[in-house]
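Q: Please take a close look at one chain of this model, from its overall build to its core and its contact with a neighbouring chain.

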Amino acid sequence: MAQAHAAGGHLETSTGLDNRKLLMWLFLGSECLFFGSFISAYLLYRDRNLTGPYAADLYDIPFTSVSSFVLLMSSLSMVLALAAIQRGDMRGLRIWLICTALLGITFLAGQAFEFTEFNREGLSLSTNLFGTTFFVLTGFHGAHVTVGVLILLSMVAMEARGQLTPEHSLQVELAGLYWHFVDIVWIVIFTLVYLIQPQ
Amino acid sequence: MRAHRATLLRLTAVALMIGAAVLLSGCEPFSSAQNTFSPGGEVAEKQKNLFLLVLWPALAIFVLVQGGVIYIMFRYRQRREGEPLPLQVHGSPRMELAWTVAPAILLAIIAVPTLGALFDTGRKPHDDALRIDVQGQRFTWNYTYPGYLADGAPLQLFGEPVSEDQPQGKPAELHIPTGREIGIYVTAADVIHSFWVPKLAGKIDVVPGRENYLWLKADKPGTYRGQCAEFCGASEDGKTGHSQMRLIVVAESPEDFEAWLESQGAEPAPDAPPAAEETAGE
Amino acid sequence: MAMTATGGPLTMADAIKQIRADAATYRGIWSWIATVDHKRIGVMYGVTAFIFFLFGGVEALLIRTQLAAADQTLLDADQYNRIFTMHGTTMVFLVIMPLSSAFFNLMVPLMIGARDVAFPRLNAFSYWLFLAGGLLLNASFFASKGILDGELGAPGAGWFGYAPLTLNTYSPGHGVDYWMLSLQILGIASLAGGFNFIVTILNMRAPGMTLFRMPLFVWMTLVTSFLIIFAMPVIAVALFELTFDRLFGANYFNASAGGTPLLWQHMFWLFGHPEVYILILPAMGIVSEVLPTFSRKPLFGYPFVVFSGVAIGFMSWGVWAHHMYTTGLGSVANAAFGVSTIMIGVPTGVKIFNWMGTLWGGSLRLTTAMLFSIGFIAMFTIGGLTGITHSIVPSDYQQQDTYYIVAHFHQVLFGGALFGLFSGAYYWFPKFSGRLLNEGLGKLHFWLMFIGFNLTFQPMMVLGLLGMPRRIDTYGSGPGFEGWEIWNMMATTGAFIIALSIAVFMVNFVRSLRGGEEAGADPWDGRTLEWAIPSPPPAYNFAEIPQVRALDDFWHKKYVEDATGRPVPVPAGASNGHEEDESGGGHGIHLPSPSYFPLIAAIGFPLIALGLMYDHALVAVGAAVVLVGLYGWVLEPATEE
């Protein structure tokens, strides 16, 4: 949160955990309930569609597997970005942040393609329950990825202006926590929504 | 002086509560046609008894706590400024145990008859029950008696929804025989409603997209009243709505009920108010 | 700012001088708008929530006037629906929750010995979002075909907005749109507050302030905040689903597409029952502070009161379906939720008995604050006992959605939460104004409210048992309604007595603020850290962060126990050994700088909401404003811990 965290102005916290890190963990805990609720709604409605098109008619599992893999790889590059700033390697940081953001953008492009493809085949938000629950759930996930990409690109910009220095590794760590979380949520969605399908 | 007032107030409150309970269970002016305390059938009877079963221990705890508070306010009020400080008691694990376990046991005891009555009053109607399909529709009720007309078609009764010249609508009368289990199956035409005839049984919500059920039994012939219990909005002109979605149940002896059925099936009597009745089917 | 400005370590004296200079500039409207001081934010929360309370109160009086007698036509059905929807939504989301937030803000940092909350600007953001959400909700009165066209534009589907009544078909116009979008904004405000107070309480405690030395109010704030951060996302999702249904043609609650309206109920109450405890636990915390102070005894069974609060927090997640017994869940589900509901009575009872144990054997000073707390015990007990009758499922089939329920939750939320909050207002007013509220007027306020309250809500129990459903705009006088009128008339009379008591409170508040008796730092002979510092507290709260050695640490600095275990005052001038080690913490005081960015970010949200309803271009504008606010916030230099 706080950008300028003056060296020396650091107060000990009662738990020893940095305030911002604790905040991030609490936020992610709260987010679990958020995605959990949307996923529950999807699962509850999975077998209640009255009209098509149905999930089985539309899903392109190989395609989505590839984009899932892309998102998974972005977590790896995020880890490398954090490692870079922690050892003071700002060039490495820049490279891996950009790499992570690009992988995220690729995933988003895949999602945009998937949405338009589904739409072309006759599925919209109001077609049936599948359209409603699928678009809203994956759409909210996509929104989270978009926010993540914005954060990453902002960090790249701040680094370029010299506002992100090795003392700020915590900020990269927090961004990383968020990014990994969004990633894990996708793994859950991919498994429950795409792979396990109604008969 | 102040504590006196507190005492008086609290005693009045207690008296009011007890008085209300007595009034509700007995006194005629208070037994309105929608009074849950003057049941007209088995289900409502059980529900009332269960409530009374809980009411007494609840009243005991009520008196204990309120009496305790009043006593404390008298007994331990600071008499003058600068009184020496009282003994600093921090707690007593034994008392904590007592007031955790005692209420838990009391509540467990209450739970037993609750569960018994729950599975009984909440069960599906028996197969030999008289089936009536009830449809909630803003702001009236429609009734269907499956297979009751001469040719096996359903007998249908439609209430007239509220309208400009009929701001209170014209509810159809739901006729039932006494002494027989009635299976009410409810569905909704639009939003959620709730079917509730307090003297006969507790309510069941009428939810779009699903069928809920309720069984009830009327002991004595008579007219039982109720109204929609789930908020369902207002009419388009805003003049009327949820509050006018009334229920009228006419319980008759089995013979009278048969006669009524015949009157419905043989020839729809054109001059048969008060309900707007239609016979559907061929 | 003090630290970064000079770079080097500052001496204590320098730091205090600097702060005093800064604090001196804390003047004028702009210093309030840019404030990140938890005390000022707390005051703003309190004042704003009280104004909304007056709105909600007027709505309540309209409801009661309409129902005073049979066949009244003051309001038509549609207007009545909108008024009671606004009353419920306002009282829950714009009054009790923010009033609790006001006390979190005012008290928590002082009680744990901190200079501010963990994230002061996030705190300001919470407040501005709350204000934005509240204004947006009330703006619905003027929405298209609103009050300016001679109609009420407000939402009219009830405060728990059951689908499908909330869908476009049955609730045309923008009323419900305003409702769902403003609740969404208020939810974000609560979430931000919840995160902030958890971090504050876990991380910002003074040295020695272990978890089990924290005042009960702080504990209850912690539990409440956890409930908030886990409950709010659920309602957020439900509201998003409704938003997609209403504005973008989705099918979540569309039965004709196979959707089920019960999904809304499950989600709403999965949020809604923890929400009930979000409303009541802070008041329980306040009562747990007031009773010991005015009994001059420690809280009886402190750890048990803490654990019962935590237990209530956990159990509140397992009882939501008791709002849905009559929806046809089936007997097995009803039995399970019936039993869990019965069980939640146990920790609640533990609290009540411990409060009585606190009073027992004390030396009771029956101040207004104390009367409100004792009133809380009395009224909340009725709320709890009627709650037990609801857990008796078959009997609840009769009571569900009747005035018996209305009576029950007002016992809990008015006789409970509001009495507790008023107790807190009388108790802590001197800390923030430096003056005492007038006790004579205070007691008049209490007794009027106590009488009015009982006169309003006890008759409602009778009405419910006589078969009066809630939310009916009128009732007849014919068969079915015998005997309703007298009880309704009583309730209406009581409502106006409550209104009178509020007027007394307002007079008292204004008069005491101007010319009340000087309070001094510790007017009540208090037990907790907030009484150790001047009234009103300086901007930095504690000149030196206190070292805590015990529960009720401040009390133990004032009293020692003699051989018989009776406390005697520490002789003036003598020291019981607590004072010496207090110096030399060596921390410089650095206060967070004021900031406009939380306000800017908050303004973006209602713009997005209005854009969703009227013109999607405005959504982009709103989003841009939010982004500007957030980037400015992140990039501005701040001393934020």
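A: In this predicted model, buried residues account for 65% of the 641 residues in chain C. The secondary structure of chain C consists of 20 helices and two strands. Chain C has a radius of gyration of 25 Å, close to the 26 Å given by the globule rule for 641 residues, and is therefore as compact as a globular protein of that length. Along the principal axes, its C-alpha atoms fill a box of roughly 75 × 60 × 50 Å. Among the contacts in chain C with a separation of 6 or more, 81% join residues 24 or more positions apart.

The interior may be considered next. The largest nonpolar core comprises 332 residues, and those with the most contacts inside it are I96(C), I112(C), L129(C) and I185(C). Helix 8 of chain C, residues 216–248, gives the most to this core, with 23 residues. When neighbours within four places in sequence are left aside, I185(C) is in contact with L129(C), A132(C), G133(C) and L136(C), and also with F605(C), P606(C) and A609(C).

There remains the contact between chain C and chain A, which takes 39 residues from chain C and 36 residues from chain A. On the side of chain C that touches chain A, at least two residues each come from helix 1 (2–6), helix 7 (175–203), helix 8, helix 9 (262–295) and helix 20 (616–635). Helix 8 of chain C gives the most to this side, with nine residues. By character, the residues of chain C on this side divide into 26 nonpolar, nine polar and four charged.

Note on methods: Residues are numbered from 1 along each chain as its sequence is written. Chains are lettered from A and ligands numbered from 1 in the order in which they are written. This is a predicted model: local features need pLDDT of at least 70, side-chain atom pairs count only at pLDDT 80 or more; totals for chains, interfaces and linings use all residues. A nonpolar core is a set of buried Ala, Val, Leu, Ile, Met, Phe, Trp, Tyr and Cys residues joined through C-beta atoms within 7 Å. A residue is buried if 20 or more other C-beta atoms lie within 10 Å of its own, exposed if 12 or fewer, and partly exposed in between; C-beta atoms are placed from the backbone. Helices (H or I, at least four residues) and strands (E, at least two) are DSSP runs, numbered from the N terminus. Two residues are in contact if their C-beta atoms, placed from the backbone, lie within 7 Å. Ala, Val, Leu, Ile, Met, Phe, Trp, Tyr, Cys and Pro count as nonpolar, Asp, Glu, Lys and Arg as charged, and the others, Gly among them, as polar. The radius of gyration is taken over C-alpha atoms; the globule rule is 2.2 Å times the number of residues to the power 0.38.
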